Amino acid sequence: MIDFHCHLDLYPDPAAAAANAQASNVAVLSVTTTPTAFVGTRALAAGNPLIRTALGLHPELAHQRSHELNQFDRLLPEAEFVGEIGLDGSQRFRQTRTQQLEVFDHILRSCADAGGRIMSIHSRGSVPTVLRSLNAVPEAGTPVLHWFTGTVGQAESAVESGCWFSVGTQMLTSPKGRALVQALPRDRILTETDGPFTAVGARAAEPADVSATLNLLATLWEVTVSDSRDQITSNLQSILEGFGGASPSVRVI
Ligand code: MN
């Protein structure tokens, strides 16, 4: 199973969350929200080749952490993946949109200079601007829009721009989200939890909870759970193989 967007470093016990993922044999893209968090978060993956750590600077922190862009650029050669990055156009963060855009565009240019990266991207309330930035720097790599909440029309534009999507249980339990996922090409979809920021009952979601997402995808696609799992596994191989900028070690995930 695959959890392509999880904040392992933000669980109350990060080491336990990483150990649980390993015990459940889940491949995890362990995203970070600040460059400062990258090295410590990467240490959680020591000895577990199924956990890959992404270098990020979250749009909700862009206005406080833009001085960490130098650190981002220094660490980027060591980072096989990038995320969480992007833009947040919601009311709460709208006043920081100029700084968010400066940070996002800087990161895209850095990724392009570094040969491209697979990028886990936040696009809440900002899909057209995210796509405009991505289209301006196509050499930045392969974008994966995480927990997409735009319209079907925006999703279609994103597909045309080469975007992939990581979807979680929340997207598959609302009629709007299901219609969105139904409109996406099945070969551009990965699964995610966004843990610990999502819940399963009273506890935080963990990587193994993508099993529930696979069940919901199977229902939506009218296939068996084994087929939905095979589709997502094949998609992961495809995004890694199709990515010319990835280092050879990335290919073994
Ligand atoms: Mn996230």
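**Confidence.** I began with the scores of this predicted model: the chain has a mean pLDDT of 95, and 96% of its residues reach 70 or more. I then looked for weak spots and found residues 245–253, where pLDDT stays under 50. For that stretch the model has 20 contacts beyond four places in sequence, and I noted them with the low score in mind.

**The metal site.** Next I asked myself which residues coordinate the manganese ion. I found His5 and His7, each through NE2, along with Glu84 (OE) and Asp194 (OD), at 2.3 Å. Along the chain I wrote the spacing of these donors as H-x1-H-x76-E-x109-D. Histidine 7 sits in the loop between β1 (2–6) and α1 (14–23), while glutamate 84 belongs to strand β4 (residues 81–86), so this pair ties together parts that are 77 residues apart in sequence. I checked burial too: histidine 7 and glutamate 84 are both buried.

**Helix α11.** I moved on to asparagine 235, which I located in helix α11, spanning residues 225–241. Is asparagine 235 buried or exposed? Its relative accessibility is 2%, so I count it as buried, the cut-off being under 20%. Leaving out residues up to four places away in sequence, I listed what asparagine 235 touches: Trp164, Arg186, Asp187, Arg188, Ile189 and Leu190.

**After the helix.** My last stop was phenylalanine 243, in the segment after α11. Phenylalanine 243 has a relative accessible area of 5%, and I noted it as buried. I also looked up how far its C-alpha lies from that of leucine 131: the separation is 19 Å, for two residues 112 apart along the chain.

Terms used: Residues are numbered from 1 along each chain as its sequence is written. This is a predicted model: local features need pLDDT of at least 70, side-chain atom pairs count only at pLDDT 80 or more; totals for chains, interfaces and linings use all residues. Side-chain values use heavy atoms; hydrogens and water are left out. Helices (H or I, at least four residues) and strands (E, at least two) are DSSP runs, numbered from the N terminus. Buried means under 20% relative accessible area, exposed over 50%, partly exposed in between (1.4 Å probe, protein chains only). Contact means heavy atoms within 4.5 Å. pLDDT is the predictor's confidence in each residue, from 0 to 100. Donors are N, O and S atoms within 2.8 Å of the metal (3.2 Å for Na, K and Ca); water is not among the atoms, so sites may look incomplete.
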